[in-house]
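Me: I'm new to this one. Could you walk me through how to read it?

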Amino acid sequence: MDAYIKEAIIKGIWETIQMTTFSALFAYVVGLPLGVILYVTAKDHLFENKAVNAVVGFVINIGRSLPFLILLVLLIPFTRLVVGSSIGTTASIVPLTVGAIPIVARMVESSLNEVPSGIIEAARSMGAGPLFIIFHFILPEATPSLLLGGAINVATVLGYSAMAGVIGGGGLGAIALQYGYYRYEKQVLWVTVALLVIMVMLIQEAGVGLSKKVRRA
Amino acid sequence: MAEEKTKVYELSHVTKIYENEGKKFTALKDVSLSVYEGEIFGIIGMSGAGKSTLVRTLNRLEEINEGTVSFYNDIIGDLKQKDLRKIRQSIAMIFQSFNLLNQKTVLENVALPLKIAGVSRAKRREKALEMLQVVGLEDKKDSYPARLSGGQKQRVAIARALAADPKVLLCDEATSALDPKITEEILELLQTINKTRNLTVIIITHEMSVVEKICDRVAIIDNGVVAEVGEVSEVFTNPKSDAAKRLVLPGQDEKNINPYDCSNQGAKVVRIVFDGFSAKEPVISTLVEDTGLKVNILSANTKSVGGKGYGQMIVELPKGEKEQETVLDFFEQRGIQILEVSA
């Protein structure tokens, strides 16, 4: 393999890590509260609210049903508005974040749903207010499950980041596309694929390990 | 005696209706009862009778449709959310499934009500340790609930319930998930706490033995209605309602109260109840000696109710109206209650 390709791959690894980390982080900043809203506004929950639950749920479902590639294209004007450009690593973070938010929200909602209702009943019987219940009962009890879900979400974002290469994003996906697909350099294709697989495995292992470490039951 | 005591709870005409997809279900119907300070009050009923709903109206985990629930001088249903939360801090509750937080240590669990009450960290720790001492688990303070047995979990739950110095403790089937030996230990602990801290305890259960062992008074709930309320010894020796009879005489419903066949057609079967005093006397032997008449004992048992020994016997009387009258007179003279179960 040529030296410049090796260099490109190393740069690609770094870009992929950057894109995945920031996109996942931003997606959680928005998706975690959205997941909590979905959970608490559901029927028989702390802030039961049919309208809010239906609207948020609807928007999230639309976001989840759009193929990511289509979302990438649709978001080009928005990406330009936010970062001033629609190509490159930084620009890819915008659609990646938007694409991951609904996935994160649903994953968070399902983790919170695993908390036994008896815990919430006990909290209410102690005189805890709804916010206290969310922060001191529900979220701590759901932490191991949230971490497991987190690993799945980060791995998904990593997969999406490879797709961002199609519209001029950076990272390993772009390299696989440029060298492997357009130039038909099979070796490069396989190396990048192998690297992506290894990265997903590392993320998954880290998530499971972390979840196990904090799980007390 | 009841009139002189302070009322902790007064329920009057409480009705709760659940509505599910247009179908109405009345879980509680016109329930009125009072609980007094310092007593252990039992609420017993079959599953689905409405007792779990009833206990949840006491801290307004369930809203009611009609009637009022008063806790000391407050009408629970009229309280604003903020005041309701404040008052819930003096109404502690323990559950069948313990409901401890798995992700927090025993000590952190016990300290939770104090955190809600805004107590400082150092004081929380001190009080939580004191409560763990009360339930005998101070050595488990840094363990997580998953490592405890069922009995230990319920002890932690009791410590947690006591942490904020409540005025009343609600127990929702608190021993139903525990084996008989552990149940006994938990009941003894509840009794000790009731005496030493003068804490009013309200116990929801479907187990007769729980009420027998520690309750002072009992309400029997049947189909959302209070079938009977009274001193445990009174209700147990002289159950008036069908629901009470079903509970006191297990396996004998009102249609077929005597599970044994009479040896003679047309014989009369009665249930006689001894109180603490006459149980010591060899009544049946005396009867045979004095009158020369024999009764056939079909079933007999004694139990300790509220610390006194009680016994009851189902006996078949001899044939002949005159002989039957002689036997019944004999029992009456000795102050033994006679309850006819079949003619």
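**Reading the model**

Reply: Sure, starting with chain B: its secondary structure comes to eleven helices and 14 strands, where helices (H or I, at least four residues) and strands (E, at least two) are DSSP runs, numbered from the N terminus. This is a predicted model, where local features need pLDDT of at least 70, side-chain atom pairs count only at pLDDT 80 or more, and totals for chains, interfaces and linings use all residues. Residues are numbered from 1 along each chain as its sequence is written, while chains are lettered from A and ligands numbered from 1 in the order in which they are written.

Me: How much of chain B counts as buried?

Reply: A residue is buried if 20 or more other C-beta atoms, placed from the backbone, lie within 10 Å of its own. In chain B, 39% of the 343 residues pass that test.

Me: Which residues of α4(A) and α5(A) meet?

Reply: Contact means C-beta atoms, placed from the backbone, within 7 Å. Here A:Phe78, A:Thr79, A:Val82 and A:Val83 of α4(A) meet A:Thr90, A:Ala91, A:Val94 and A:Pro95 of α5(A).

Me: At what angle do the axes of α4 and α5 of chain A cross?

Reply: Axes are lines fitted to C-alpha atoms, for helices over the stretch in contact, with angles from 0 to 180 degrees between N-to-C directions. Those of α4 (residues 76-83) and α5 (residues 89-113) of chain A come within 9 Å and cross at roughly 125°.

Me: How many residues does chain A bring to its contact with chain B?

Reply: 17 residues of chain A are in contact with 19 of chain B. On the chain A side, α6(A) gives the most, with six residues.

Terms used. Two residues are in contact if their C-beta atoms, placed from the backbone, lie within 7 Å. A residue is buried if 20 or more other C-beta atoms lie within 10 Å of its own, exposed if 12 or fewer, and partly exposed in between; C-beta atoms are placed from the backbone.
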